Amino acid sequence: CILDHDLPRTTTRTLTSDTMTRFPPIVALAVTVTAKQSTAFAPSPVRPVVKPSISSAATSSHTIAPTQTQPPTSSRRHHIISSLRATSAALHDTTLAQGIEAIDAALPTLAPLFSELRDLPYFSLYSCDMLASCEYLPQELFECYTESCEIYPVDDEEVPESIKSSDFTEHEFELDGWARWDMPSDDYYDTKQFPEDYTGYDGSEIWSFIHNRIGFHDGAMGMDEYDADDWKADFNKAVSGLHAMVSAQVVRGMREKIESGEGIDPDSYTWTNPVVEFERRLGPNGETPEAVENLYFTMMLLLSGVRAARDRLLTDCDSGTVCQDAQSVQALRSILTHPLLDDPSIDAAVRRLKEHAMKDTNSLWEARMRTRDLMRIMNCVQCNKCRFHGKISTLGLSTALQLAVGHGGTGGDPKKIHRVELAALVTALGKFSSGIDLCLEMQ
């Protein structure tokens with residue numbers, strides 16, 4: 001799952017040593033390959049908050065001021081000059097504008113294709129370690145509020161031999177590489193059988209760790225965490241985009257429970273109103289006014305990643321590795337040949353990341369280390385469905401970053417990408433398409 005924690009809602013949104021100690025709990029929500037059919041993740045992506053020391057509460061570089069309190073100045077590279085269709089929030093990085101417009105125009109034909117990929121075992125089956133211990137936080141055994149937290153392995157005969165063979169063959173990894181998947185075993189879990197669900201799990205502790213420890217707050221990021229002239233700000237922006245996708249999935253899950261007549265039991269779920277939650281998590285006056293912009297930014301990274309891996313995926317299509325079913329294979333081909341992937345405007349995010357990475361190639365090991373940490377912190381999630389979907393989402397983002405910058409800032413080799421990484425990459429792209437679609441619907 002991707003979890004989250006909330007900032008206290010105050011009139012001025014000023015972060016003090018007092019307000020930063022009061023975070024309401026959060027509900028974790030699982031994510032999956034396609035449009036959010038029934039989700040249950042956590043609240044909106046929020047700005048990382050690091051509690052300052054008593055002696056430096058007012059001046060610590062780790063105290064992140066909300067963007068809306070920073071007046072645009074001539075020294076800022078990104079100026080607030082336009083807004084998004086998916087939210088009325090101002091657009092900070094205007095280099096993303098054309099790519100955002102291209103995504104909005106393409107979604108009506110692109111988003112429906114991902115629902116057809118759910119039937120492909122290549123994209124739905126993952127051998128995942130559900131018993132791994134938490135390495136970052138002391139924890140007591142916690143039982144999730146609802147039965148929907150649990151998942152179970154599929155029967156062995158339901159896993160194609162080609163998938164097992166690929167995963168076991170590709171088990172090796174670079175010690176200094178990007179986020180690594182769990183070692184393959186005979187236990188495979190199916191995102192189709194266990195899709196996203198609004199589980200009621202409280203993941204605030206996990207998100208606090210992600211924001212405060214995995215995100216970057218040093219140097220320029222102390223003043224402009226998402227749009228500073230540094231690859232670390234790009235990393236923060238991508239992780240925030242991941243949160244925004246999760247928030248959109250939460251809202252979709254709430255709405256679908258209500259529309260289906262199932263309803264939302266207030267004794268099991270803290271948040272029950274999808275409209276209120278959309279405004280709080282993704283609205284221009286919510287916890288993170290840039291949430292939707294960051295959602296688009298990460299979507300562009302994923303689009304660029306899928307395009308970089310397109311030849312590899314098409315080769316797998318031709319060889320029958322993906323699937324023998326002609327209709328399902330055609331859905332994947334339609335995604336891989338969609339005009340959006342060749343639209344130069346979607347390169348804005350990866351171009352920005354590469355430009356920053358090339359200026360600081362000696363520090364890129366930090367990006368790889370943080371993505372490995374981002375993957376492993378998911379083992380601290382005590383909702384199994386949330387853990388499962390959270391790992392898939394994180395691996396998809398990691399694969400996109402790997403293809404974008406590699407080890408030296410120039411990009412990774414698609415031929416070295418494993419089957420499970422390709423599957424997670426395309427799966428994550430489907431989630432982001434669904435998330436943006438939800439934002440457009442809510443507006």
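Here are a few notes on this predicted model, from the overall chain down to single residues.

1. Starting with the fold as a whole, the chain has 13 helices and six strands. Of its 443 residues, 61% are buried.

2. The contacts reach across the sequence: taking those between residues at least 6 apart, 81% join residues at least 24 apart.

3. On the outside, the chain shows an accessible surface of about 17,200 Å². Carbon and sulfur atoms account for 50% of that surface.

4. A spot worth finding on your screen is the nonpolar surface patch formed by F173, L175 and M183, which together have about 340 Å² of accessible area. M183 sits in the loop that runs between α3 (161-169) and β5 (188-190). This methionine counts as partly exposed because its relative accessibility is 43%, and partly exposed covers the range between the 20% limit for buried and the 50% limit for exposed.

5. Now to the cysteines: the model has one disulfide, and this bond links C134 with C380 at an S to S distance of 2.0 Å. The torsion about the S-S bond is about 80°, so the disulfide is right-handed. C134 belongs to the loop between β4 (125-127) and α3, while C380 belongs to the loop between α11 (364-376) and α12 (384-405), so the bond ties together parts that lie 246 residues apart in sequence.

6. How accessible are the cysteines C380, C383 and C317? C380 is buried, at 0% relative accessible area. C383 is also buried, with 0% relative accessibility, and C317 is buried at 6%.

How values were computed
Residues are numbered from 1 along each chain as its sequence is written. This is a predicted model: local features need pLDDT of at least 70, side-chain atom pairs count only at pLDDT 80 or more; totals for chains, interfaces and linings use all residues. Side-chain values use heavy atoms; hydrogens and water are left out. Helices (H or I, at least four residues) and strands (E, at least two) are DSSP runs, numbered from the N terminus. Buried means under 20% relative accessible area, exposed over 50%, partly exposed in between (1.4 Å probe, protein chains only). Contact means heavy atoms within 4.5 Å. Accessible areas come from the Shrake-Rupley method with a 1.4 Å probe; for residues, only the protein chains shown count as cover. Patches are made of residues with over 30% relative accessible area and no salt bridge: like charges are joined within 9 Å, nonpolar side chains (Val, Leu, Ile, Met, Phe, Trp, Tyr) within 5 Å. A salt bridge is a side-chain nitrogen of Lys or Arg within 4 Å of a carboxyl oxygen of Asp or Glu. A disulfide is a pair of cysteine sulfur atoms within 2.5 Å.
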